[in-house]
Amino acid sequence: MSKYKSDLSNLDEVFEKIENVPENLITVLQKAQEIYGFLPKDVMYHIGEKLGVKPAKVMGVATFYSQFRLEPMGKYLVMLCGGTACHVSGSEKVAKAVFDYLETESGRTTKDGLFTIEKVACLGCCSLAPVMMINGEAFGNLTPEKAVSILADIRKKEAAE
Ligand code: FES
């Protein structure tokens with residue numbers, strides 16, 4: 001049985017177009033993330049083999065850069081604004097409450113696969129600070145309680161479906 005689970009043939013085109021050298025590791029990881037939505041372990045291993053980069057080094061690069069996602073995206077992408085206007089309006093407390101409630105941290109997906117949380121810079125609606133965006137919809141004037149209750153409502157709705 002193959003040790004790979006992801007369909008690695010999806011990467012063939014990338015390897016054909018890009019010179020397979022260690023210097024292209026980040027570019028190939030970016031392309032892989034576009035294809036798979038995140039970087040599965042077997043995909044990273046395969047990329048390392050192709051480019052001549054040790055698995056530990058591939059993993060090191062993937063974990064160092066926040067642009068890379070190591071888990072599948074949740075059904076809901078929750079972007080917590082940490083921009084200046086939101087920061088002065090209490091976004092840190094909101095973020096802490098959200099992380100505590102979901103038992104996760106920025107860049108991670110909850111165990112139930114429902115939420116992926118990302119702390120981001122200004123979301124472009126500072127008059128609503130502090131703001132979070134869920135799948136593109138902005139929720140403003142947040143308090144820690146309000147943010148948690150919005151997420152709890154989504155969970156309830158999902159559980160009922
Ligand atoms: S700083 Fe948060 S929306 Fe602009």
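# A tour from helix 7 inward

Select helix 7, residues 144-160. This helix lies across strand 1, strand 2, strand 3 and strand 4. Its run makes an angle of about 10 degrees with strand 3. Keep in mind that you are looking at a predicted model.

**The sheet under the helix**

Hide helix 7 and show the strands. They form an open sheet of four strands, in the order 2-1-3-4, with mixed pairing. Which strands stand at the edges? Colour strand 2 (115-120) and strand 4 (137-139). Each has a single partner strand, so one side of each is left without a neighbour in the sheet. Now look along the sheet. On average, neighbouring strands are turned by 25 degrees against each other, direction ignored.

Bring in helix 6, residues 91-102. Helix 6 lies across strand 1 and strand 2. Against strand 2 it runs at about 160 degrees.

**Strand 1 and its partners**

Select strand 1, residues 76-81. Start on the strand 2 side. Strand 1 and strand 2 run parallel and are joined by six bridges. Pick C81: its bridge partner in strand 2 is V120.

Switch to strand 3, residues 132-134. Here the pairing with strand 1 is antiparallel, over three bridges. Label two positions. L80 has M132 as its bridge partner in strand 3. M79 stands opposite M133, also in strand 3.

In general, strands of a sheet pair through backbone hydrogen bonds, either parallel or antiparallel. Turn on the backbone and compare both sides of strand 1.

Is strand 1 buried or exposed? Six of its six residues are buried, so strand 1 is largely enclosed by the rest of the structure. Buried here means under 20% relative accessible area. Show the side chains. In a regular strand they alternate between the two faces of the sheet. On one side of strand 1 sit Y76, V78 and L80. On the other are L77, M79 and C81. Both faces are covered, and all of these residues are buried.

**Three backbone stops in the loops**

Most residues other than glycine have a negative phi, and most peptide bonds are trans. The next three selections depart from that.

- Go to E103, in the loop between helix 6 and strand 2. Its phi is positive, about 50 degrees, although E103 is not a glycine. E103 is exposed, with a relative accessible area of 67%.
- Move to N141, in the loop between strand 4 and helix 7. N141 is not a glycine either, yet its phi is positive at about 50 degrees. N141 is partly exposed, with a relative accessible area of 46%.
- Finish at P130, in the loop between strand 2 and strand 3. The peptide bond from A129 to P130 is cis, with omega near -5 degrees.

**Last stop: the largest pocket**

Where is the centre of the largest pocket? Select S66, F68, R69, S106 and G107. The pocket has a volume of about 280 Å³. Of the 13 residues that line it, those five are the closest to its centre. What is the make-up of the lining? Colour by residue class: the lining divides into four nonpolar, five polar and four charged residues.

Note on methods: Residues numbered from 1 in each chain as written. Predicted model: local features only at pLDDT ≥ 70, side-chain atom pairs only at ≥ 80, totals over all residues. Heavy atoms only, no water. 1 Å grid on protein atoms, 1.4 Å probe; cavity = no way out; pocket = protein on both sides within 12 Å on 5 of 7 lines; lining within 4 Å. Points joined across faces, edges and corners; volume = space filled by probe spheres on them. Nonpolar A, V, L, I, M, F, W, Y, C, P; charged D, E, K, R; others polar. Pairing = 2+ DSSP bridges. Helix = DSSP H or I, 4+ residues; strand = E, 2+ residues; numbered from the N terminus. Axes fitted to C-alpha atoms, helices over the stretch in contact; angles between N-to-C directions. Contact = heavy atoms within 4.5 Å. Buried < 20%, exposed > 50% of the residue type's maximum accessible area, 1.4 Å probe, protein only.
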